[in-house]
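Please read the sequence alongside the three-dimensional picture, and keep both in view while following the description below.

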Amino acid sequence: MEQLQLVLEVEDDKASAPGSALFIRQMTEAGHVEVDSAKRQFVNADLVAREIAHKDVAAEVAALSSADATLHGLWEMQFNECAAEDALRVLHTRVWRAVRNEHDKLPKSLRLELVHSWGLVHRLVDNRKAGWVKHWRKIAAEHSDD
C-alpha cells in the first residue's frame, strides 16, 4: 500500500505566521479574500520541501526539483494565456485546475497529496518565481521578508 504524506492542520495561533508571506500578499493583491486553505497548502508543502532538503537524498531532491519545474511551467503557461486574454482575475483558478490535472503525473516518490502540489505553487510565488497579478515581479521586489 502506498503511503501518502501527512497533511497537517494549521492551528489558529500559527495561521498568522504565513500571513505576511509574499504568496499571501500576491493573493490579496489579486483580490482573494479567503486565504486560510492557501496557508495550509503552503505550510504542508514547505514541510515536505524542508524535510527533503534536510535528508539530502539525491533522488528526492531531483524529484522535488522536477515537480517544481513542472508546476512552474503550468503556472507560466496559464499566466501568459490569462495575460493575453486580459483574464488575470481567473489565473489562480486556472492554475489550480491545471495542477489538479497534473498532480497524478508528478514524481510518485514524493508521495504528495493534492494539498502539497498546490502548496508547491505557493512556494514558487513565495520564492519570487511566480505571482498572481500582472505586476507580480514589482510586488516581489518590494516585499520584505521580515
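## A chain of helices

Of the 146 residues in the chain, 42% count as buried, and it should be kept in mind that the model is predicted. The chain holds seven helices and zero strands, so that, read from the N terminus, its elements follow the order α-α-α-α-α-α-α. Among the contacts between residues at least 6 apart in sequence, 70% join residues that are at least 24 apart.

## Helix α5 and its surroundings

Helix α5 covers residues 91-102, and because each residue should add 1.5 Å, its twelve residues are expected to span 16 Å, which agrees with the 16 Å between its end C-alpha atoms. Which residues of α5 are buried? They are Leu91, His92, Val95, Trp96, Ala98 and Val99. Seen down the axis of α5, these buried residues fall within an arc of 165°, and therefore they line one face of the helix. The buried residues of α5 pack against four other helices, namely α2 (22-29), α3 (36-55), α4 (58-84) and α6 (114-126).

One residue on the α4 side gives a closer view of this packing. Gln78 lies in helix α4, and when its neighbours within four places in sequence are left aside, Gln78 is in contact with Leu91, Arg94, Val95 and Ala98. Is Gln78 buried or exposed? Gln78 is buried, because its relative accessible area of 11% is under the 20% that marks the limit for a buried residue.

After α5, in the loop between α5 and α6, lies Arg111. Arg111 is partly exposed, since its relative accessible area of 26% falls between the limits of 20% and 50%. The C-alpha atoms of Arg111 and Val48 are separated by 9.8 Å, although these residues are 63 apart along the chain.

The two residues can be set side by side as follows.

| Residue | Relative accessible area | Class |
|---|---|---|
| Gln78 | 11% | buried |
| Arg111 | 26% | partly exposed |

## Enclosed space

Rolling a probe the size of a water molecule over the atoms shows where empty space is left. The count comes to two cavities of 30 Å³ or more, and the second largest cavity holds about 30 Å³ of space. This second largest cavity is lined by Ala30, His32, Leu88, Arg89, Leu91, His92 and Trp132. By class, its lining has four nonpolar, two polar and one charged residues. Leu91 and His92, which belong to this lining, are also among the buried residues of α5.

How values were computed
Residues numbered from 1 in each chain as written. Predicted model: local features only at pLDDT ≥ 70, side-chain atom pairs only at ≥ 80, totals over all residues. Heavy atoms only, no water. Helix = DSSP H or I, 4+ residues; strand = E, 2+ residues; numbered from the N terminus. Expected span 1.5 Å × (residues − 1). Buried < 20%, exposed > 50% of the residue type's maximum accessible area, 1.4 Å probe, protein only. Arc of directions from axis to C-beta. Contact = heavy atoms within 4.5 Å. 1 Å grid on protein atoms, 1.4 Å probe; cavity = no way out; pocket = protein on both sides within 12 Å on 5 of 7 lines; lining within 4 Å. Points joined across faces, edges and corners; volume = space filled by probe spheres on them. Nonpolar A, V, L, I, M, F, W, Y, C, P; charged D, E, K, R; others polar.
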